[in-house]
Amino acid sequence: MVYPENFESKIGFDRIRDLLRERCLSRMGTEKVEAIRFSNNADKIKEVLSATYEFQQVLRFEENFPSDNFFNISDCLNKIRVEGTFPEVRELFDLKRSLETIKAILSFFRARDETRYPILRKLCGSVKTYPYVLDSIDRIIDRHGAIKDNASPRLKEIRSEIISRNIQASKRLNAILRQAQAEGIVDADTVPSVRNGRGVIPVSVFGKRRLKGLIHDQSSSGKTVFIEPEEIVEINNDIVELEYEEKREIVKILTLFADNIRPYIDDLLGSNIFLGEIDFLRVKALLGNRFGSIIPATRDEPFIKWRQAVHPLLSLAFESIPGRKLVPLDIELNEGNRILLISGPNAGGKSVCLKTVGLLQYMLQCGLTIPVSEGSEAGIFDSILIDIGDEQSIENDLSTYSSHLINMKHFLKHGTEKSLILIDEFGTGTEPMLGGALAEAILGELNRKKVFGVLTTHYTNLKHFASLAGGIINGAMAFDNHLMQPLFQLNIGRPGSSFAFEIARKIGLPGEILDEASDKAGVKNIDYDRHLKDIARDKRYWETKRQKIRHHEKRLEELIEEYERELSGARSLRKEIIAKARDEAESLLKESNRVIENTIREIRESQAERERTKEVRRQLGEYKETVIQEVNPVESEQEKKISILTQRAIKIRPARSKEKPKVQKDDQKQLKKGDAVRMTDTMAAGEVIEIKDKMATIESGSYRFRVSVDKIEKISRQELQKSIRIQAKPQEADPVLSGRKLSFRPEIDIRGVRGEEAIRQVRELIDDAIMVQHSNLRILHGKGNGILRELVRQYLATVDVVRSFRDEHVDMGGSGITVVEMDF
C-alpha cells in the first residue's frame, strides 16, 4: 500500500514511467508499463528483479538481440475466433513478422548455456511455436506482405488473365490514339492517361464528338475531356470483373487460413503475451543500464542498507549541466536505528535524500533495479507512506498545516513495523513551540509502533528527542561554513545546524538585526547551534585528516609492494648473473686447459726442452687452481671476483699467442689430405679434403669450408671425434618456455569482463605472445556499445610491440573481434 493517491507524482515515479513508456516497441509493452504496481511479495519481487538484471546483461554483453517487429496480434487472433471471419492482409503480415521475432528470441536464449540466463530461459519454456502456422503464411504472402500469385491455382489464373487483358487494352488504346493523331482529332504529342482506373485519351472539348466513347473526366479549365474509346470499354469491364474475382479469391484464401489456424489461437495469444513481456523487460533493462542499476541483496524483512545510492532523475538532469556532480547517498535503517531524523540548512539536500529513499524503494518493489553500488542490501516493506509538499485546498477548506495533520493521523492509524514513512519538514506550518511539541509527541508514537522512516526538520527539540530515544538516530546534511555553501553529503549519527545566522550574514542582513535576533533566541539556543557547527567543523577536519592518512597508507603499501617486487627481481637477477658467471668461468677453464694442453703437445712434438714443458704444466696448474677457487666464492663478492678472473684470463692469452706462430708454421708444412684439423677462429673441427694454393677444403659434418691454412691447426683423431659429438648434441630446451608454447592460444574471449580485468587478460596475452614469438592475435570483445572495444584499442595503441590492429573480416566477426599484429 502507498499513500497518498498522488504518491508517484510526489516522489517522481511518474517520470520514470514516462521514460519506460518512451522506450517501448509495442502496445503490449506500453500496457505493461502502465500496469506497474507496488508489491510486497518478496519472492515475486526477486524473480522480476532477476529477470530484469539478466536482460541488462543481455543488452550489455550480447549482440544482435531481436528487437524488431513487436506487433500486437491479439486483436487479429481474437477476431478470427469466429468461423467465417478472416484476417486482413496487413494483419497477416504483422502476424508473420511477430511470429518470426518470437522464434528468433527463443532461438537466442536456447542457444546460450543453461546457467547463463536461467530466469529468461524459464520464461521461454512455456512458449509454443508452430512451424505450420508460419509455413501457411509463407505460402500466402511474400516478404513484402503482398499476396503471392501462387497462393491458389485460381488466383494465379485470374492474375494472368488480368495481365493479358491489360496488355490487350493498352495495345488497342495506343492504336486508337495513333489513328486520332493521324485524323487530327488530338495533338501529335498527346499520350494516354488513366481515369477511374481506366485508360483514356485526352481530347479537346471541340473534338469530343469525333471520338466515340465514354467521358470519364475533364480538365479544370474545361478545355480537355478524357474519353475511354468504346472499343476498349468491354475489355476494361472484363478487367474490372476479374479484379473483383481476385478479391473474392483472396478472401477465400484468408478464410481457409483462419479455419486452419483456429485450433492454435490460444497458444498464439500466449506467444503474443510473451512478446509483450520481453518488450517490458527490455525497456526496464535499458533504463537500468542507463542509470547503472543493480540488484541489491534482497531479504523479506524491513530494512535499508544502501551504498552510493543516487537519485536517477537527478543524475539524468546533471548529465546536461557541465561541472555538476551528483553526490551519492549512504544510508542505513535497521532494527536498532529505524527512524532517521535529518536536519541541516535549507537547500542542503534534505528533501533530495528523502525523495531518493522513497523513489528507489518504490522502484525496487515495482520490479526495477536501482542505482546503488555493490554491497548494498534492501528489505521489503508492506507500505510506503509519505508527507511531502503542500496539500492545502481552498475547495475543501484545508490549510497547509491541516493537510499535514491529516497525513499524520493516517500514519498513526496505518503505520506498522513493516511501514516506511517519509515526512518532509516535520512539524512546520504552525506556531513553532506548539508545532514542535506536537511533532515530538507524534514522533514518539511512531517510534513506539516501530515504524521505519526518514524525516527532515529544523526543530531543536526533535533533535534532542532523537538523541535520547532508542530506535531514532540523527542525521545532518554537511555544510561548509567557510565557503557558506552546502556539500550535499549525509552524515548519520549527529544533528545538523540550520546555519540561519551565517546565511543571513552572508546575504547581507544588518548586524544589529542579527544581534537582536541572537538575544531573542537566547544564549542556550545560540550555544546549541554553535556547538553543532563546531562539531561539524571538527568532524570535517578529522575526516580530512583520516582521508589523508588513508591515502598515505595506501601509497606506502604500494611502495612496499613495489620495493618487494623490485627486491625479488634483483635477487632473481643476481642468481642468474652468478649462475651465468659460474658457467662462463667453467667454460673459460676448459678452454684454457685445452689451449695449454695443446701447447704442451706441440712443444713435445717439436722436441722442446723438458724444462720448458714443466714450466708450462706448472702455469696450467696454477691457472686451474685459481679458476676453481674463484668460481665458488660467497655471493656478496661474486661480481668482483668474476672481474678478477676475467682479467687473469686476459693475461694468459698473450703467452699462448707468442708460442703459436711457430707451431702453426710447422703444422702447415705437415698438413695433408685426411688430417684432422681445427679452425682457430671458430674452433670448429673437421677433416682436410683438399689443399691448394694455401687454401684448405675442410669437411665438418654435412658442411664444407674453404679456409686459409694459416687459420687451421692440426689435432688428433680423438679430439676430432669428441668435437663432432659436442656439436651434434642438442641444447636442452627451457621447460618453462616449452610449456608456454604448448599451452599458448592466440585468441581470448573477454566478453562480459570488466574493464580492468579485460586489460589484464590482454596484457598477459601479449606477454605470452612475445615469449613464444607468435605474431598474430585475436581478441573477442563483442560489439554492444563499443565501450570494451575502445578500451582495448586504447591500450593496444600504447604497446610498442604492437605493429597494428584492425577489425576482423565481416564474415569472421567484424567489429566484434580485434585482430592484432605483433612486431618482433
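**Exercise 1. Two packed helices**

Which residues in α4 meet which residues in α11? Then describe how the two helices are arranged.

*Solution.* The model is predicted.

Step 1. Find the residues on each side. From α4 come V48, A51, T52, F55, Q56, L59 and R60. They meet I278, L281, R282, K284, A285, L286, G288 and N289 of α11.

Step 2. Sort the residues of this contact by type. Eight are nonpolar, four are polar and three are charged.

Step 3. Describe the geometry. Two packed helices are described by the angle between their axes and the distance between the axes. For α4 (residues 42-61) and α11 (residues 265-291), the angle is about 70° and the axes lie 8 Å apart.

Step 4. Classify the angle. Angles of 65 to 115 degrees count as roughly perpendicular, and α4 and α11 are therefore roughly perpendicular to each other.

**Exercise 2. One residue of α11**

Decide whether R282 is buried or exposed, and list its contacts.

*Solution.*

Step 1. Place the residue. R282 belongs to helix α11.

Step 2. Apply the cut-off. Buried means under 20% relative accessible area. R282 has a relative accessibility of 13%, so R282 counts as buried.

Step 3. List the contacts, leaving aside neighbours within four places in sequence. R282 is in contact with R23, L25, F55, L59 and S67. Of these, F55 and L59 were also named among the α4 residues that meet α11.

Step 4. Consider the chain. R282 and T52 are 230 residues apart along the chain, yet 7.7 Å separates their C-alpha atoms.

**Exercise 3. A second pair of helices**

Work out how α6 and α8 pack, and compile the contact.

*Solution.*

Step 1. Give the angle and the distance. Helix α6 (residues 89-110) and helix α8 (residues 131-140) make an angle of about 140°, and their axes are 10 Å apart.

Step 2. Classify the angle. This angle makes α6 oblique to α8.

Step 3. Give the handedness. The crossing of α6 past α8 is left-handed.

Step 4. Find the residues. On the α6 side are L92, L95, K96, L99, E100 and K103, which meet V133, L134, I137, D138 and I140 in α8. By type, the contact holds seven nonpolar, no polar and four charged residues.

**Exercise 4. An antiparallel sheet**

In what order do the strands β2, β3, β4 and β5 stand in their sheet? Go on to describe the pairs and the helices packed on the sheet.

*Solution.*

Step 1. Write the order. The open sheet runs β2-β3-β5-β4, and its pairing is antiparallel.

Step 2. Identify the edges. These are β2 (193-195) and β4 (213-218), each pairing on one side only. From one strand to the next, the twist averages 50°.

Step 3. Take the pair at β2. Three bridges join β2 to β3 (residues 198-204) in the antiparallel sense. In this pair S193 is opposite V200 of β3.

Step 4. Add the helices. Helix α9 (residues 153-182) packs on the sheet and touches β3 and β5 (224-229), with a direction about 10° from that of β3. Helix α10 (residues 230-261) also packs on the sheet, touching β3, β4 and β5, and its direction makes about 75° with that of β5.

Step 5. Take the pair at β4. Five bridges join β4 and β5 in the antiparallel sense, and one bridge pairs L214 with E228 in β5. The two strands form a hairpin with five residues between them. In the turn, G222 has a positive phi of about 80°.

**Exercise 5. A mixed sheet and a parallel pair**

Which strands are the edge strands of the sheet β6-β10-β7-β8? Describe this sheet, then the pair β9 and β13.

*Solution.*

Step 1. Describe the sheet. It is open, has four strands, and its pairing is mixed.

Step 2. Name the edges. They are β6 (297-298) and β8 (329-333).

Step 3. Examine one pair. β7 (residues 304-309) and β8 run antiparallel and are joined by four bridges. W306 has I331 in β8 as its bridge partner.

Step 4. Add the helix. Helix α13 (residues 350-365) packs on the sheet, touching β7, β8 and β10 (377-378), and its direction makes about 110° with that of β7.

Step 5. Turn to the other pair. Strands β9 and β13 (residues 452-456) run parallel, joined by four bridges. L340 has V454 in β13 as its bridge partner. In β9 (residues 337-343), six of the seven residues are buried.

How values were computed. Residues numbered from 1 in each chain as written. Predicted model: local features only at pLDDT ≥ 70, side-chain atom pairs only at ≥ 80, totals over all residues. Heavy atoms only, no water. Axes fitted to C-alpha atoms, helices over the stretch in contact; angles between N-to-C directions. Parallel < 35°, antiparallel > 145°, perpendicular 65-115°, else oblique. Contact = heavy atoms within 4.5 Å. Nonpolar A, V, L, I, M, F, W, Y, C, P; charged D, E, K, R; others polar. Pairing = 2+ DSSP bridges. Buried < 20%, exposed > 50% of the residue type's maximum accessible area, 1.4 Å probe, protein only. Left-handed = near helix turned anticlockwise from the far one by under 90°.
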